[in-house]
Amino acid sequence: MKAHDGMYIGGQWRPAAGPDTIAVVNPADEQVIAHVPAGTAEDVDAAVRAAREAFPAWAATPPAERAARIAALRDVLVARKDEIAETVTAELGAPLALSRTVHAGVPVLVAGSYAELAASYSFEERIGNSTVLLEPVGVVGAITPWNYPLHQVVAKVAPALAAGCTVVLKPAEDTPLTAQLFAEAIHEAGLPAGVFNLVTGLGPVAGQALAAHEGVDLVSFTGSTAVGRQIGATAGAAVKRVALELGGKSANVILPSADLAKAVSVGIANVMSNSGQTCSAWTRMLVHRNQYDEALALAAAAVAKYVPGERVGPLVNAKQQQRVRGYIEKGLAEGARLVAGGPEAPHETGYYVSPTVFADVTWDMTIAQEEIFGPVLSILKYEDEEDALRIANGTVYGLAGAVWAADEAEAVAFARRMDTGQVDINGGRFNPLAPFGGYKQSGVGRELGPHGLSEYLQTKSLQF
Ligand code: NAD
């Protein structure tokens, strides 16, 4: 796998300040496939300076021209989609079919949506005797996780560029090769030097330096709640803007009138996709007590199709594999019952975890409260709708969720009472323009569509 041994700063690949490197491992066979430089505070500083220098001209570039550059970026992502899919598969372990459709495909949609929005968005509005100008916030420090290596990057960089901001990206240490490919795409698309900069490196070193840098005006972070809390504190102390997309423990509520077989099979597919490494995955399935046994039988049949090494990839690294197996052991120790899977690794090589389904899970068990980030589903029993609502809302998270009912209005009435940032009604489709983000400890701010764009804007009002 081709890797750059430098940082992309000011429109070119430059040697890193320090000698340290990070080994990139293929989680399917545990082989080292590349090394990338481990950036230091010095690299971050150089990147932030480049972004600051580029900011005035980019902010003053007419939105139609910014839109044209983002459209060119989308076209490069289309032209290089096979290479992107292969790179994601190599460093994340996702099955190639998933890498093609989701990991390479979704960023094209999102970049395309921001090419259109940059051209059509109203960066000025009239309120009474005032004109309100929506101006770019400045230099954005973007810190991303590994679970959707390109989507997480594009969901920050595309709206930031559309708004007129410049960016320094610190991608996850497990998936830096996809980020390097993205930097190449930016270069090929003809973005001016310094508008986008890449520093690979460790979170507590390069990530921390970026979040704390006084030349950064907004920190946009996606990752764990624990790190998000630290970044929020750092940004708060410096009075700088911050957007946090954090963890989740979403509920999939199947109301008694729903098509149970469909709801269970879509629910299983949702959790097993990307080996369960999706922050918005519906990891708690809530079923009425009269339908509970039937739901367990349906779930056992559905999960059997998810064979590790075929439809389900490995987890991203050995630590995550150990962590998820630990949660499965904890579920057993706290009295939950296995319907499928278990803590034993299904293969000797590769960081695989058996697709696992638990029954007899109560709302207060660890596996029903904490984010597991692996192919593990808990099925919980509810007595009535009020009980279902209490369970659904009974975690510190509020990122996503699902409701199933025969009648859409019945599902919507339930969804209105859920403390969560998005709800899929009867298996609703992904919408790249819909705001994505969390209630409660799942985060602050929204990504995607016009709501995502507004995160990168600040307002100035002129009175007449
Ligand atoms: P993580 O928090 O460990 O790392 C995320 C990023 O932060 C990485 O780039 C990492 O290098 C960096 N980082 C780590 N420590 C840092 C520090 N002290 N200062 C600055 N940066 C630091 O998360 P992860 O394990 O990579 O990702 C999994 C988590 O991300 C899960 O909790 C998941 O729910 C969450 N996630 C949330 C969303 C969302 O949109 N809400 C999307 C995907 C993932």
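**Notebook: sheets and salt bridges**

I started with one residue pair: threonine 131 has leucine 462, in β20, as its bridge partner. A reminder to myself: this is a predicted model.

**Entry 1, the three-stranded sheet.** Next I looked up the strands around that pair. Strand β6 covers residues 130–136, and seven bridges join it to β20 in the antiparallel sense. Which strands make up the sheet, and in what order? I read the order as β5-β6-β20, an open sheet with antiparallel pairing. The edges are β5 (124–127) and β20 (457–463), each of which pairs on one side only. I also noted the twist, which averages 25 degrees from one strand to the next.

For my own revision: strands of a sheet pair through backbone hydrogen bonds, and they can do it either parallel or antiparallel.

**Entry 2, the seven-stranded sheet.** Then I went to another open sheet, this one with seven strands and mixed pairing. I wrote down its order as β14-β15-β16-β13-β12-β17-β18. Why do β14 and β18 count as edges? Each has a single partner strand, so one side of β14 (337–340) and one side of β18 (424–425) is left without a neighbour in the sheet.

I picked one pairing here to follow up. Strand β12 (residues 251–254) runs parallel to strand β17 (residues 401–404), and four bridges hold the count for that pair. Within it, I found alanine 251 opposite glycine 401 of β17.

Two helices that pack on this sheet went into the notebook as well. Helix α10 (residues 260–272) touches β12, β13 (284–288), β15 (356–361), β16 (376–382) and β17. The direction of α10 makes about 170 degrees with that of β12. Helix α12 (residues 318–333) touches β14, β15 and β16, and its direction makes about 30 degrees with that of β15.

**Entry 3, salt bridges.** How many salt bridges does the structure hold? I got 15. The background I jotted down is that side chains of opposite charge can pair when their charged atoms come close.

I looked up lysine 2 and glutamate 184, whose closest N and O atoms are 3.6 Å apart. This pair links distant parts of the chain, with the two positions 182 residues apart. Lysine 2 sits in the segment before β1 (6–9), while glutamate 184 belongs to helix α7 (residues 176–188). Is each partner buried or exposed? Lysine 2 is exposed, at 62% relative accessible area, but glutamate 184 is buried, at 14%. I noted that glutamate 184 gets the label "buried" because 14% falls under the 20% cut-off.

Both residues also turn up in a network of salt bridges, which links Lys2, Arg80, Glu83, Glu184 and Glu188.

Then I checked arginine 49 and aspartate 45, which meet in a salt bridge at 2.9 Å, N to O. Both are in helix α1 (residues 41–60), four residues apart, or about one turn of the helix. Arginine 49 counts as exposed at 54%, and aspartate 45 as partly exposed at 24%.

My last pair was glutamate 173 with lysine 170, a salt bridge of 3.5 Å, N to O. Which of these two is buried? Lysine 170 is, with a relative accessibility of 2%, whereas glutamate 173 is partly exposed at 26%.

Definitions and conventions
Residues numbered from 1 in each chain as written. Predicted model: local features only at pLDDT ≥ 70, side-chain atom pairs only at ≥ 80, totals over all residues. Heavy atoms only, no water. Salt bridge = Lys/Arg side-chain N within 4 Å of Asp/Glu carboxyl O. Buried < 20%, exposed > 50% of the residue type's maximum accessible area, 1.4 Å probe, protein only. Pairing = 2+ DSSP bridges. Axes fitted to C-alpha atoms, helices over the stretch in contact; angles between N-to-C directions. Contact = heavy atoms within 4.5 Å.
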